[in-house]
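Grab a pencil and work through these exercises with the structure open beside you. Try each task before you read its solution.

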Amino acid sequence: MSEALALIDYGAGNLHSVHNALKAAGAHHVTVTADPDLVMGAKRIVLPGVGSYKACMKGLDAIPGLVEALEERVLEDGVPFLGICVGMQLLATQGVEHGITCGLGWIPGEVRLIERTDPAIKVPHMGWNDVAHAHHHDGAELIEEGEAYFLHSYHFVPDNGRDIAAMTDHGGGLVAAVARDNILGVQFHPEKSQRYGLDLLTRFLDWKP
Amino acid sequence: MTVRIRVIPCLDVADGRVVKGVNFVDLKDAGDPVEQAQAYDAAGADELCFLDISASHEGRGTLLDIVRRTAEVCFMPVTVGGGVRTVDDARALLLAGADKVAVNSAAVSRPEVVNEIAEKMGSQCCVASIDARRVAEGKWEIFTHGGRKPTGIDALEHAVKLAELGAGELLVTSMDGDGTKAGYDLALTRTIADAVSVPVVASGGVGTLDHLVEGVTQGHASAVLAASIFHFGTYTIAEAHAALRNAGLPARA
């Protein structure tokens with residue numbers, strides 16, 4: 001856990017909360033950075049994110065060389081990666097909030113508005129809810145079943161069900177976590193999920209995909 | 001299951017100190033908001049609410065420091081309200097570690113501020129506070145200045161408007177009920193909750209665990225806020241969760 005972890009600083013509102021939680025989970029060398037060179041040297045990468053999909057992707061794109069460095073480090077070098085909330089949604093091909101925005105496209109799929117199937121279903125989906133393993137997923141060793149804090153109006157719909165690591169339920173199934181190879185994305189906020197969230201971060205820090 | 005009903009203790013803070021008396025047994029400094037927050041975090045509160053009632057400008061800087069120190073040691077969602085007037089006020093609190101900011105009187109004089117915060121920071125972090133008093137059967141009016149000053153604004157219309165402007169949550173406080181321990185104004189809570197698509201937090205008047213349950217079953221709230229019943233140790237967060245579960249509602253174990 002002493003290896004360098006890059007926490008990507010592109011103006012996301014939950015940056016400091018994620019930083020605090022990573023430290024509490026046992027990370028000793030967290031570099032809060034948007035510098036592509038530092039990303040290239042990182043052994044683990046965490047991408048936070050809250051707010052709108054479009055604003056977050058614009059924030060990432062605005063930093064020259066950052067997306068390229070992330071792609072090289074995560075997709076080619078296989079460094080363990082964790083995306084949180086909108087940081088997870090950015091893994092998708094595109095989001096439809098405030099017009100279509102292209103995402104990173106690492107896990108094919110679309111980010112759509114949560115449908116209110118019933119007047120009692122409130123959007124944003126706000127509060128503690130289940131994190132339940134998805135069937136047929138073998139990359140879910142990081143995700144334990146439990147309760148985590150969610151806060152979102154849009155949700156990730158992956159093209160391929162095999163990329164779904166965990167589900168939750170809010171007027172129908174919503175994806176709680178996606179995983180593929182060395183990439184993990186969680187819709188909920190581990191940094192706000194008390195013991196459950198800190199334990200997940202600790203497992204991520206030890207993860208050897 | 002589905003999303004859990006949230007139990008939210010609310011701490012009133014002025015000039016960096018918790019205002020209402022608090023009664024946790026093992027606190028070194030019962031007036032320290034950060035220690036209080038940690039105690040509620042450990043007790044399994046679903047969220048925490050800080051309400052800043054500082055009269056002075058100096059108190060604001062202290063509030064940011066409290067939020068920052070709380071975010072270093074508490075890993076639960078924190079809403080901060082009181083004195084949020086502009087996008088910059090909201091941004092400063094969010095960067096300090098708040099997850100949501102509650103806008104109150106600023107949204108009465110200038111509702112667009114809700115839209116500005118939602119556009120810049122996202123609806124998920126923008127809570128609109130609705131402080132209302134009943135003025136006739138089935139009719140409520142927005143009051144400011146701690147419930148003393150009428151505005152002539154219809155509470156339901158105001159609530160619907162702020163939700164349309166992008167508030168991601170409404171904190172509905174009955175100024176008639178506040179401090180009475182007689183229970184929430186259930187008709188007020190329900191009337192607003194049924195009219196909007198965003199979650200509503202019931203607030204003002206809790207004296208018993210049954211009041212929390214009624215806030216959901218009859219008030220149709222998604223979350224229940226209370227202050228003194230938790231601060232004075234009358235009930236624990238765990239007892240509140242158990243009461244909700246015993247009523248057949250989803251709550252954390």
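**Exercise 1.** Find the place of Pro124(A) in chain A, then look at the peptide bond that joins Val123(A) and Pro124(A).

*Solution.* Keep in mind that you're looking at a predicted model. Step one: Pro124(A) sits in the loop between β7 and β8 of chain A. Step two: check omega for the bond from Val123(A) to Pro124(A), which is about 5 degrees. That bond is a cis peptide bond.

**Exercise 2.** Take two residues that aren't glycines, Cys85(A) and Asp15(B). What sign does phi have in each, and is each one buried, partly exposed or exposed?

*Solution.* Start with Cys85(A), in the loop between β4 (81-84) and α5 (86-89) of chain A. Its phi is positive, about 55 degrees. Now count neighbours: 29 other C-beta atoms lie within 10 Å of Cys85(A). The cut-off for buried is 20 or more, so Cys85(A) is buried.

Next, go to Asp15(B), in the loop between β1 (6-14) and β2 (17-18) of chain B. Phi is positive here too, near 50 degrees. Asp15(B) has 15 C-beta neighbours inside 10 Å, so it counts as partly exposed.

**Exercise 3.** Work out the order of the strands in the open four-stranded sheet of chain A, and say which strands stand at the edges.

*Solution.* First, trace the order: β6-β5-β7-β10, with mixed pairing. Second, look for strands with a single partner: these are β6 (101-102) and β10 (154-158), so one side of each is left without a neighbour in the sheet. Third, zoom in on one pair. Strands β5 (residues 94-95) and β7 (residues 109-113) of chain A run parallel and are joined by two bridges. Within this pair, Gly95(A) stands opposite Val111(A). As a reminder, strands of a sheet pair through backbone hydrogen bonds, either parallel or antiparallel.

**Exercise 4.** Where is Asp159(A), and which residues is it in contact with once you leave aside its neighbours within four places in sequence?

*Solution.* Asp159(A) is in the loop between β10 and β11 (164-169) of chain A. Its contacts beyond those sequence neighbours are Pro108(A) and Gly109(A). Now try a distance: Ala92(A) is 67 residues away along the chain, yet its C-alpha atom is 9.3 Å from that of Asp159(A). Finally, Asp159(A) has 12 C-beta neighbours inside 10 Å, so it counts as exposed.

**Exercise 5.** How many residues of chain A are in contact with chain B, and which element of chain A gives the largest share?

*Solution.* Count both sides: 32 residues of chain A are in contact with 28 residues of chain B. On the chain A side, the elements that give two or more residues are α1 (15-24), β8 (125-133), β9 (146-152) and α6 (194-206). The largest share, six residues, comes from β8(A). Sort the chain A side by class and you get ten nonpolar, 15 polar and seven charged residues.

Two of these elements also pair up: β8(A) and β9(A) are antiparallel, with seven bridges. In this pair, Asp130(A) stands opposite Glu147(A). And since six of the seven residues of β9(A) are buried, this strand is largely enclosed by the rest of the structure.

**Exercise 6.** Switch to chain B and compare how residues are buried in helices α3 (residues 87-96) and α7 (residues 186-193).

*Solution.* In α3(B), list the buried residues: Ala90(B), Leu93(B), Leu94(B) and Ala96(B). Look down the helix axis: they fall within an arc of 160 degrees, so they line one face of the helix. Just after the helix, Gly97(B) has a positive phi of about 130 degrees.

In α7(B), seven of the eight residues are buried, so this helix is largely enclosed by the rest of the structure. The buried residues include Leu186(B), Arg190(B) and Ile192(B). Their packing partners include β6 (126-136), α6 (155-164) and α8 (209-217) of chain B.

**Exercise 7.** How many helices and strands does chain A have, and how compact is this chain?

*Solution.* Count the elements: six helices and 13 strands. The radius of gyration of chain A is 16 Å, close to the 17 Å that the globule rule gives for 209 residues, so the chain is as compact as a globular protein of that length. Last step: of those 209 residues, 56% count as buried.

Definitions and conventions: Residues numbered from 1 in each chain as written. Chains lettered and ligands numbered in written order. Predicted model: local features only at pLDDT ≥ 70, side-chain atom pairs only at ≥ 80, totals over all residues. Pairing = 2+ DSSP bridges. Contact = placed C-beta atoms within 7 Å. Nonpolar A, V, L, I, M, F, W, Y, C, P; charged D, E, K, R; others polar. Rg over C-alpha atoms; globule rule 2.2 N^0.38 Å. Arc of directions from axis to C-beta.
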